[in-house]
Amino acid sequence: MQTDSTSALKSRSLRAAREAKGMSLRAAAARSGIDPGHLSKVERGEKQLSLEALYRLAVVVDLDELAGHLKPLLPEEIGAGPACEAGPSAGNDEEAACEAASPVEQSAPHAK
């Protein structure tokens, strides 16, 4: 059973992975096709991501093991390849966006 503290711990881990890449919240959100406000709430443990959005974020911040676990759970056209390429200039470029980003992730009900 997942508790609120477990959820918050996982959210902080997403933030830590993003920050370890030197990537701003806006850049990570743009590259993964997630609304920046929603991603901020996810990182604070207030909202959740769909599996597809979590996969895209995992690819963007190089969480390869997580992306590998999620890929088989996604429709073939989504899990076929990386959602966004975070190339050498990926760093802190606020305006960089994923060319083939899926629709912006909206608020999902928070399970307790």
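Set aside the neighbours within four places in sequence, and Leu 70 is in contact with Leu 51, Leu 54 and Tyr 55. That is a handy way into this predicted model. Leu 70 belongs to helix α5, and with a relative accessible area of 7% it counts as buried, because the cut-off for buried is under 20%. Another residue to look for from here is Ala 58: Leu 70 and Ala 58 sit twelve residues apart in sequence, with 9.1 Å between their C-alpha atoms.

**The overall picture**

Let's step back to the whole chain. The protein chain has six helices and zero strands, so reading along the sequence gives the pattern α-α-α-α-α-α. There are 112 residues in the protein chain, and 35% of them count as buried. The accessible surface comes to about 6600 Å², with 53% of it belonging to carbon and sulfur atoms. What about contacts along the chain? Take those between residues at least 6 apart in sequence: 67% of them join residues at least 24 apart.

**How far to trust it**

The average pLDDT of the protein chain is 74, and 60% of the residues score at least 70. Among the elements, α2 has the highest mean pLDDT, at 98, while helix α6 (residues 76-79) has the lowest, at 71. Over residues 81-112 the pLDDT is below 50, although this stretch does have 65 contacts in the model beyond near neighbours in sequence. A word of caution fits here: where pLDDT is low, the predicted coordinates should not be read in detail.

**The core, and helix α4**

In soluble globular proteins, nonpolar side chains tend to be buried together. Here, the largest nonpolar core has 22 residues. Which of them touch the most other members? They are Met 23, Ile 34, Leu 39, Leu 49, Tyr 55, Leu 57 and Val 61. Helices α1, α2, α3, α4 and α5 each supply at least two residues of this core, and α4 gives the most, with seven residues.

Helix α4 is worth a look in its own right. This helix is mostly covered, with eight of its ten residues buried. Those buried residues are Ala 53, Leu 54, Tyr 55, Arg 56, Leu 57, Ala 58, Val 59 and Val 60. Two of these names, Leu 54 and Tyr 55, came up at the start as contacts of Leu 70.

Leu 39, one of the core residues named above, gives another view. Leaving out neighbours within four places in sequence, Leu 39 is in contact with Leu 25, Ala 28, Ala 29, Ile 34 and Leu 57.

**Salt bridges**

Now for the charged side chains. How many salt bridges are there? The count comes to five, and the table shows three of them.

| Acidic partner | Basic partner | N to O distance |
|---|---|---|
| Glu 43 | Arg 18 | 2.7 Å |
| Asp 62 | Lys 21 | 2.6 Å |
| Glu 46 | Arg 44 | 3.0 Å |

Take Glu 43 and Arg 18, whose side chains meet in a salt bridge. Glu 43 lies in helix α3 (residues 36-43) and Arg 18 in helix α1 (residues 4-20), so this pair ties together parts that are 25 residues apart in sequence. Are these two partners buried or exposed? Both Glu 43 and Arg 18 are buried.

The side chains of Asp 62 and Lys 21 form another salt bridge. This pair links distant parts of the chain, 41 residues apart: Asp 62 is in the loop between α4 (51-60) and α5 (64-70), and Lys 21 is in the loop between α1 and α2 (25-32). Asp 62 counts as partly exposed, at 40% relative accessibility, and Lys 21 is also partly exposed, at 32%. Asp 62 has one more feature to spot: just after α4, this residue takes a positive phi of about 60°.

In the salt bridge between Glu 46 and Arg 44, Glu 46 is partly exposed with a relative accessible area of 41%, and Arg 44 is partly exposed at 43%. Elsewhere, salt bridges that share partners join Arg 15, Arg 18 and Glu 43 into one network.

**One last stop**

Gln 48 is in the loop between α3 and α4. At 26% relative accessibility, Gln 48 counts as partly exposed. The C-alpha atoms of Gln 48 and His 38 are 8.6 Å apart, and ten residues separate the two along the chain.

Methods. Residues are numbered from 1 along each chain as its sequence is written. This is a predicted model: local features need pLDDT of at least 70, side-chain atom pairs count only at pLDDT 80 or more; totals for chains, interfaces and linings use all residues. Side-chain values use heavy atoms; hydrogens and water are left out. A salt bridge is a side-chain nitrogen of Lys or Arg within 4 Å of a carboxyl oxygen of Asp or Glu. Helices (H or I, at least four residues) and strands (E, at least two) are DSSP runs, numbered from the N terminus. Buried means under 20% relative accessible area, exposed over 50%, partly exposed in between (1.4 Å probe, protein chains only). A nonpolar core is a set of buried Ala, Val, Leu, Ile, Met, Phe, Trp, Tyr and Cys residues joined through side-chain atoms within 4.5 Å. Contact means heavy atoms within 4.5 Å. Accessible areas come from the Shrake-Rupley method with a 1.4 Å probe; for residues, only the protein chains shown count as cover. pLDDT is the predictor's confidence in each residue, from 0 to 100.
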